[in-house]
Amino acid sequence: MAEKMANFGYKEVNINLGCPSRTVVTKKKGSGFLAYPDELDAFLDVIFNGLEGTGMKLSIKTRIGRDHTEEAARLMEIYNQYPLHELIVHPRVQKDFYKNDPHMDVFEMVVQASKHPICYNGNLFTLEDYEQFTARFPQIQAVMLGRGLIANPGLVRHIKEQRPITREELQKYHDTIYRAYNSTTLGEVNTLYRMKEIWAYMGQMFPEGERPIKKIRKAKHDAEYEIAARNLFAACELGGAYRGH
């Protein structure tokens, strides 16, 4: 696959060894592969030998183990054998899913042990989160934002320019996504399902929005949903932040 991507002009492939989903993990994929370090080592050996001379870069996104944080040391031994372009680290094990706090002591070990550039991923939801992280790890030059960016699409600007997102901007973000889904062949049910998934993140931006958000979740048709969303944006002020499930 990496060779085919190179033929299409792509310069980098990322292997995701971080996904904690049970349906993925049970197939020895995502973070499920981390439980088989010898097989992972052999897998990477085949890939890097095959990519030699193609110019294709390879990066990895990883958790620090499947079951136990102690697995991280063995994984770092493996990763350090190969010329990775970047190692993106989410310092949780698979069984944590997105619960519990990231294991920052283990991440510190990873930073010290790694021969490769490190990108951090995990629980950076606010400007304050980012500032606390960079104060502890000033040597880390890259971070990955996931759930926090779904909730707050202005998070990068807030970090870089100290300008938080406004309610009007968040409504425009919402409306743009909603119109885009409605322009597809997804249908009403699937469109509402996807919008409600977004609200699972974005709803925490409205600390006083419990009642209108409940109406959003209960909406069964476009008209109900649109009224509930409009009412929330009209009546509720921004003031919260996504803090995880």
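## Close-up views: salt bridges and cysteines

**View 1. Lys 95 is exposed, with a relative accessible area of 55%.** The model shown in this and every other view is predicted. Lys 95 pairs with Asp 67 in a salt bridge. Their closest N and O atoms are 3.4 Å apart. Lys 95 sits in the loop between β3 (87-90) and α5 (104-113), and Asp 67 in the loop between β2 (57-63) and α4 (71-79), so this contact ties together parts that are 28 residues apart in sequence.

**View 2. Asp 67 also forms a salt bridge with Arg 66.** Here the closest N and O atoms lie 3.2 Å apart. Asp 67 is partly exposed, at 21% relative accessibility. The cut-off explains the class: buried means under 20%, so a value of 21% falls outside it. Arg 66 is partly exposed as well, with a relative accessible area of 25%.

**View 3. Arg 167 and Glu 237 form a salt bridge.** The closest N and O atoms of the pair are 3.4 Å apart. Distant parts of the chain are linked here, with the two positions 70 residues apart in numbering. Arg 167 belongs to helix α9 (residues 167-182). Glu 237 lies in the segment after α12 (222-235). Arg 167 is buried, with a relative accessible area of 19%. Glu 237, by contrast, is exposed, at 52%.

**View 4. Asp 38, Arg 74 and Glu 77 form one network.** Salt bridges that share partners join these residues. The structure holds nine salt bridges.

**View 5. The count of disulfides is zero.** Cys 119 is in no disulfide. Its nearest cysteine sulfur, that of Cys 19, is 17 Å away. A disulfide needs two cysteine sulfur atoms within 2.5 Å, so Cys 119 and Cys 19 do not qualify. Cys 119 is buried, with a relative accessible area of 5%.

**View 6. Cys 236 is buried.** Its relative accessible area is 6%. That value is under the 20% limit, so Cys 236 counts as buried. Glu 237, the exposed partner of Arg 167 in View 3, has a relative accessible area of 52%.

Technical notes: Residues are numbered from 1 along each chain as its sequence is written. This is a predicted model: local features need pLDDT of at least 70, side-chain atom pairs count only at pLDDT 80 or more; totals for chains, interfaces and linings use all residues. Side-chain values use heavy atoms; hydrogens and water are left out. Buried means under 20% relative accessible area, exposed over 50%, partly exposed in between (1.4 Å probe, protein chains only). A salt bridge is a side-chain nitrogen of Lys or Arg within 4 Å of a carboxyl oxygen of Asp or Glu. Helices (H or I, at least four residues) and strands (E, at least two) are DSSP runs, numbered from the N terminus.
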